[in-house]
Amino acid sequence: MSNNGIQEIDVELWKNLKSVTLFNIKSILESVKVLLDYNLEENREVLYKHPSVCAGLFTYAIEEYGKLLTLQSSDLVNNKVKIEYRTKFLNHREKFRVAIEKLKSTSSQSIELGKSVFDETFFDPRLFDTDKTISEFETRKAIFYSDFKDNQIVTLPNVDQETLRIAYESFKRVIDSIEI
């Protein structure tokens, strides 16, 4: 690896890496679907109130989509592909940024996991928390890792099962349309 964090790899490895990344996204989405269906049909009493695990897995698929977009935008020079390894390929926040930016322009429903308690059409966002829960790094950390802030335990993000199902279906259409 060069000092500027760029890795050069062979075109064949690059193609295979894109295929494996797409396969991983599809595998994660299949797991999300199984859990969503299980939550609704098999064990509604226990899991219906906690769709967060599904949402957490879903955020991994979104991040991997950002990785795929990063791979697709890599430069091809002299039969080598230059990947910005440290600043993009390994950077969680950057992969989410790339994925969310792309999804907002094509399929914004793919990133929403929960609605805010306060609807911004009726409540002033400067006074009330009108933010929706979206698929991003901080959401995943809050779902899978316990934490505290200001002498309080950080609560799970607001995840709505039906909103998550819509996000899943919308994102799955995006992923199913990708050809490597």
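## A walk from the sheet to the salt bridges

Start by selecting strand 2 and strand 3 (residues 80–84): the two run antiparallel and pair over three bridges. Keep in mind as you go that this is a predicted model. Now pick L76 and look across to strand 3, where V81 stands opposite.

Widen the selection to the whole sheet. Three strands make up this open sheet, in the order 1-3-2, with antiparallel pairing. Its edges are strand 1 (6–10) and strand 2 (75–77), each of which pairs on one side only. Look at the twist too: neighbouring strands in this sheet are turned by 35° against each other on average, direction ignored.

Next stop, the charged side chains. Side chains of opposite charge can pair when their charged atoms come close. The model has 13 salt bridges in total. Select E63 and show its side chain in sticks, along with K95: the two form a salt bridge, with the closest N and O atoms 3.0 Å apart. This pair ties together distant parts of the chain, since E63 is in helix 3 (residues 52–72) and K95 in helix 5 (residues 92–106), 32 residues apart. Are E63 and K95 buried or exposed? Both are buried.

Stay on E63 and add R140. Here is another salt bridge, and its closest N and O atoms are 2.5 Å apart. Again distant parts of the chain are linked: E63 in helix 3 with R140 in helix 6 (residues 137–144), 77 residues apart. Like E63, R140 is buried.

Now step along to E64 and K67, whose side chains meet in a salt bridge at 3.1 Å, N to O. What separates E64 and K67 along helix 3? About one helical turn, because they sit three residues apart in that helix. Check the accessibility while you are there: E64 has a relative accessible area of 14%, so it is buried. K67 is buried as well, with a relative accessible area of 14%.

For a linked set, select K33, D37 and R165, which are joined in a network of salt bridges.

Finish on the outside. Turn on the surface and colour V53, Y60, F144 and Y145: together they form a nonpolar surface patch with about 370 Å² of accessible area. Zoom in on F144, which is found in helix 6. How does F144 count at 32% relative accessibility? As partly exposed, because that value lies between the 20% and 50% cut-offs.

Note on methods: Residues numbered from 1 in each chain as written. Predicted model: local features only at pLDDT ≥ 70, side-chain atom pairs only at ≥ 80, totals over all residues. Heavy atoms only, no water. Salt bridge = Lys/Arg side-chain N within 4 Å of Asp/Glu carboxyl O. Helix = DSSP H or I, 4+ residues; strand = E, 2+ residues; numbered from the N terminus. Buried < 20%, exposed > 50% of the residue type's maximum accessible area, 1.4 Å probe, protein only. Patch = residues over 30% accessible without salt bridge, like charges linked within 9 Å, V, L, I, M, F, W, Y side chains within 5 Å. Areas by Shrake-Rupley, 256 points an atom, 1.4 Å probe, with all protein chains shown as cover. Pairing = 2+ DSSP bridges. Axes fitted to C-alpha atoms, helices over the stretch in contact; angles between N-to-C directions.
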